[in-house]
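Visitor: I am new to reading protein models, and I would like to be guided through this one step by step. Could we begin with the place where the chains meet?

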Protein chains: 2
Amino acid sequence: MAQDIRIVTEAQLRQALPLDLAAVEAVEGAFAALAKGGVVMPPVMSMDLAAAHGEVDVKTAYIPGYDGFAIKVSPGFFDNPKLGLPSLNGLMVLFSARTGLVQALFLDNGYLTDLRTAAAGAVAARHLAPSRVTTAGVMGTGVQARLQIAAAHLVRPFARVLVWGRDLARAQACAADIARDLGVEARAEADPARLVRDSQLVVTTTPAKTPILRAEWLHPGLHITAMGADQAGKNEIQPTALAAADLYVCDRVSQCETLGELRSARASGDWTGATPPELGAVVLGRSPGRGSEDQVTIADLTGTGVQDTAIACHALPRLGDAGSVIRA
Amino acid sequence: MAQDIRIVTEAQLRQALPLDLAAVEAVEGAFAALAKGGVVMPPVMSMDLAAAHGEVDVKTAYIPGYDGFAIKVSPGFFDNPKLGLPSLNGLMVLFSARTGLVQALFLDNGYLTDLRTAAAGAVAARHLAPSRVTTAGVMGTGVQARLQIAAAHLVRPFARVLVWGRDLARAQACAADIARDLGVEARAEADPARLVRDSQLVVTTTPAKTPILRAEWLHPGLHITAMGADQAGKNEIQPTALAAADLYVCDRVSQCETLGELRSARASGDWTGATPPELGAVVLGRSPGRGSEDQVTIADLTGTGVQDTAIACHALPRLGDAGSVIRA
């Protein structure tokens, strides 16, 4: 029996789905669902294709009460730029949670991943950052540097942004984009210590394998979202910072201890404390969030399948007639 | 940067890709590649959706030297028949093995899985069945009962087929279909012991959780392909039969010991022998296949990601202009 499948391209998705508060709330709801229980989220399926200098990750999650569930495939082929192609690509498939039938194919080349990743940063900032943020700092100068700042700005409308990167010209370009897109003051900051000192909210968005943010830079009234580490081997935050903070929160503990900052801190012996709380529990108010304006908080985001299901379910009703329909 | 993606429906795939020797050889090549090494095939990603009476499996494999790799999603939602929908669905996505870009979407509702599963049965029969098969038996009466017999007939052109099922009327319907499709004599056989006794090749295709084929029925010159068990809990062949056979071969040992007949035989203590050989090693001649016409052989097929990649790569050049192309 054939069914109708909606097929939507990256350009159509970008048109219909901006990074806005509705997207943040969709992802926030997914974290809450994860904390409530009943979510089925298998470990990430991962293929390391050394011969092709590539890797492929597959993520999914079933969330009780949601109409659909997404399966997302994210290939990264790192010789692509030599061919004039982007390294990161991929698609999402949305299935009916009642029948398993394919409902939609989002040929998004990773756009929905960018969106749900940035939205998770906003969820962390909403629940953990000081209530008043005047300056936000971002470490890294790529797509997520821009999107994380845009997402955080939705929930903490800061007036100034500092951008640090290994390449000053790229940091300047990133700052110029942010200033234009958000209408805020933004500039490159060559000294990461100064960037952290002068910010109330810092997002780290790099693929660093050795820490770029040192524990000694922590100061009262700081929130850090570390979203770069998503693989064993990556590490942005000096491990001692996790225990030094008043509150350290994981998107998913089981992922953070294998792919995120918690992995490094466990490996170095710098995290010997209890199991950290998860972001969804903070969203639900089951675990405390920031307790006072002076606290130091850190959120460790590795990216979860519930975010993919949430953004795909968020997308479908917002697409109107976009895309094409194939009967298959 | 947008690329062209070919989108092909089940009807178009059925039209362009019959179950033929070319399909068998494509799958045979994949088993050979698996034995040669260098294949990257992560464990099956599996979601058990008890609340929806459903399950979802994701399989993939990267085969060195192949232009593409497939990721296959197979949902099974067992309340669908109440809604007039098939239980099994799904799709395959074919990616470039060089760039990771999506090349094709096969909206096949499981047809390519049916094809590559049947083709694996033919590969097993080609290398393990006696050279002369006059009667083939099949246990089970579903789609794979028909396709396994059609596939085996490509490599062992038997004249007669016996069909056993728990429901005699279904066995009769299955036999009638086989007789019509293959132009052979085919009839239902109510006694499974007699079916095995009178056959040189038996394929078991059921979701049985307790054995339907007993060890005492083994006889010289018999080959059995057990393809029903693909999950912990399923078991078609009495465990003592595995050790009693002269040769027992797995499609993939690591899967058979968790999902196939080997799991049951290990659990009951009836398989204490060495690690069984894999089908690919037999295809390559690295492990012995059938040694004489009198031997008893058993193949345990759980279904592997290399088969999916093989059938998807086999499909693409045979599709001509079938389907539509979307630039995404």
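Visitor: How many residue pairs are in polar contact across the interface of chain B and chain A?

Guide: This is a predicted model, and a pair is counted here with both residues at pLDDT 80 or more. For salt bridges between chain B and chain A, the count is 0. For polar contacts across the interface of chain B and chain A, the number of residue pairs found is 2.

Visitor: How do the residues on the side of chain B that touches chain A divide into nonpolar, polar and charged?

Guide: Several strands of chain B each supply at least two residues of the side that touches chain A, among them S1 (4-9), S4 (68-77) and S14 (324-327). The contact takes 50 residues from chain B and 50 residues from chain A. On the side of chain B, the residues divide into 4 charged, 12 polar and 34 nonpolar.

Visitor: What area do chain B and chain A bury between them?

Guide: The size of an interface is often expressed as the accessible area that is lost when the parts come together. Of the area buried between chain B and chain A, 79% lies on carbon and sulfur atoms. The buried area itself is about 3900 Å².

Visitor: Which strands stand at the edges of the open sheet in chain A that has the order S2-S3-S4-S5-S6-S1-S14?

Guide: This sheet of chain A has 7 strands with mixed pairing. A strand at the edge has a single partner strand, so one of its sides is left without a neighbour in the sheet. In chain A, the strands in that position are S2 (45-49) and S14 (324-327).

Visitor: Which residue is the bridge partner of Ala70(A) in S5(A)?

Guide: Strands of a sheet pair through backbone hydrogen bonds, either parallel or antiparallel. Strand S4 (residues 68-77) of chain A and strand S5 (residues 91-96) of chain A run antiparallel and are joined by 6 bridges. Within S5(A), the partner of Ala70(A) is Leu94(A).

Visitor: What angle does the direction of helix H3 of chain A make with that of S4(A)?

Guide: Helix H3 (residues 111-128) of chain A packs on the sheet, where it touches S3 (54-61), S4, S5 and S6 (102-107) of chain A. Helix H11 (residues 305-315) of chain A also lies across S3, S4, S5 and S6, running at about 115° to S4(A). For helix H3 of chain A, the angle with S4(A) is about 105°.

Notes
Residues numbered from 1 in each chain as written. Chains lettered and ligands numbered in written order. Predicted model: local features only at pLDDT ≥ 70, side-chain atom pairs only at ≥ 80, totals over all residues. Heavy atoms only, no water. Pairing = 2+ DSSP bridges. Helix = DSSP H or I, 4+ residues; strand = E, 2+ residues; numbered from the N terminus. Contact = heavy atoms within 4.5 Å. Axes fitted to C-alpha atoms, helices over the stretch in contact; angles between N-to-C directions. Buried area = accessible area lost by both parts, 1.4 Å probe. Salt bridge = Lys/Arg side-chain N within 4 Å of Asp/Glu carboxyl O. Polar contact = N/O pair within 3.5 Å; in protein donor to acceptor, adjacent residues only side chain to side chain. Nonpolar A, V, L, I, M, F, W, Y, C, P; charged D, E, K, R; others polar.
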